[in-house]
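Reader: Could you take one part of this protein and go through it closely, in connected prose? I would like to know how the helices meet and where the charged side chains sit.

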Amino acid sequence: MIACLLRMDPLAGCPATPVPRAKQQVRAGLRYVRDHRDLALTLLLVAVVAAFGMNFQITTALMITRVYQAPPAAFGLGNTALAVGSVIGSLLAARHPRMTGRRLAAAALAFGTLEAACALMPGPLTFLVLLVPTGTALLVFLTAAKARLQLGVGDGIRGRIMSLYLLATLGTTPLIAPAIGWIAQSAGPRTALALGGTVSAAAAITIGLLYPRLPARPEARPQPVATHPSHFS
């Protein structure tokens with residue numbers, strides 16, 4: 001990774017001048033998402049899946065220690081299983097450079113279904129085995145969402161769109177995590193894990209039906225950067 005970064009030319013294919021700072025640029029980014037329905041639906045789906053489905057630090061630990069009565073060291077095996085699935089998911093995501101809304105929703109649906117199925121596993125071995133495809137589906141979904149957002153907008157607005165993506169992935173999970181922990185404590189870890197998967201799957205089905213029946217959003221070509229927020233709408 002370091003070698004690849006050192007070989008990159010930061011000016012290749014980029015505009016000659018960056019976008020200057022101006023007032024209401026954040027509002028311009030939000031208006032851009034509001035006016036482009038597919039971007040708004042993608043960010044909404046990412047936010048729901050991240051908030052309810054990506055709480056493995058809580059659910060996996062409780063499933064291993066409380067449900068299966070395994071030693072705490074087994075928690076590392078759960079992380080390993082998810083990591084293995086993530087590697088597989090990254091390879092699968094690279095095979096689909098263009099991701100339609102249907103495929104994106106299908107990846108989220110697969111993740112939610114597999115996560116809910118993990119809550120039904122009778123023993124730790126089957127639980128760990130099922131975590132592998134769960135991690136694969138999650139990585140495919142996140143990679144597809146990121147690619148769809150990055151390649152579907154122009155150079156002048158891409159940074160603001162990706163900041164919203166980071167907010168959807170990293171900013172929503174801490175908001176719901178306390179509720180997931182409370183559910184795990186009161187109703188059991190299986191219920192908390194199943195709830196996260198069910199909500200993710202339901203969001204995938206709902207938003208998948210809302211995606212307009214259009215071909216995949218074309219990749220944005222490098223273009224001159226506008227210097228006024230109104231040029232982005």
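Author: What follows looks at helix packing and salt bridges, with helix H3 as the starting point.

The model is predicted, and for that reason local features need a pLDDT of at least 70 and side-chain atom pairs count only at pLDDT 80 or more, while totals for chains, interfaces and linings use all residues. Residues are numbered from 1 along each chain as its sequence is written, and side-chain values use heavy atoms, with hydrogens and water left out.

As a setting for the details, the protein chain holds 10 helices and zero strands, where helices (H or I, at least four residues) and strands (E, at least two) are DSSP runs numbered from the N terminus. Of the 233 residues in the protein chain, 42% are buried; here buried means under 20% relative accessible area, exposed means over 50%, and partly exposed lies in between, with a 1.4 Å probe and protein chains only. Among contacts between residues at least 6 apart in sequence, 83% join residues at least 24 apart, a contact being heavy atoms within 4.5 Å.

Helix H3, residues 37-53, packs against helix H10, residues 189-210, at an angle of about 170°, and their axes are 8 Å apart. Axes are lines fitted to C-alpha atoms, for helices over the stretch in contact, and angles run from 0 to 180 degrees between N-to-C directions. H3 and H10 are therefore roughly antiparallel to each other; angles under 35 degrees count as roughly parallel, over 145 as roughly antiparallel, 65 to 115 as roughly perpendicular and the rest as oblique. On the H3 side the residues that meet H10 include Arg 37, Leu 41, Leu 44, Val 48 and Phe 52, and among their partners in H10 are Gly 196, Val 199, Ala 203, Ile 207 and Leu 210.

Helix H3 also takes part in a salt bridge, that is, a side-chain nitrogen of Lys or Arg within 4 Å of a carboxyl oxygen of Asp or Glu. Side chains of opposite charge can pair when their charged atoms come close. The structure holds two salt bridges, and one of them joins the side chains of Asp 38 and Arg 148 at 3.8 Å, N to O. Asp 38 lies in helix H3 and Arg 148 in helix H7, so this pair ties together parts that are 110 residues apart in sequence. Asp 38 is buried, with a relative accessible area of 10%, and Arg 148 is likewise buried, with a relative accessible area of 10%. In the other pair, Asp 35 forms a salt bridge with Arg 34, where the closest N and O atoms are 3.3 Å apart. Here Asp 35 is partly exposed, at a relative accessible area of 45%, whereas Arg 34 is exposed, at 60%.

Arg 148 leads on to helix H7, which covers residues 124-151 and contains Phe 127. Phe 127 counts as buried, because its relative accessibility is 1%. Setting aside residues up to four places away in sequence, Phe 127 touches Thr 60, Met 63, Ile 64, Tyr 68, Cys 118, Met 121 and Leu 193. One of these partners, Tyr 68, is 59 residues from Phe 127 in sequence, yet the two lie 9.6 Å apart in space, C-alpha to C-alpha. Thr 134 lies in helix H7 too, and Thr 134 is buried, with a relative accessible area of 1%. Leaving aside neighbours within four places in sequence, Thr 134 is in contact with Phe 56, Phe 111, Leu 114, Glu 115 and Cys 118.

A crossing of another kind is found between helix H2, residues 25-35, and helix H8, residues 155-170, whose axes come within 10 Å and cross at roughly 75°. That angle makes H2 roughly perpendicular to H8. The contact is made by Gln 25, Ala 28, Gly 29, Leu 30, Tyr 32 and Val 33 of H2 together with Ile 157, Arg 160, Ile 161 and Leu 164 of H8.

One detail of the backbone remains. Most residues other than glycine have a negative phi, and most peptide bonds are trans. Gln 69, although not a glycine, has a positive phi of about 55°. Gln 69 is found in the loop between helix H4 (56-67) and helix H5 (75-93), and at 61% relative accessibility Gln 69 counts as exposed.
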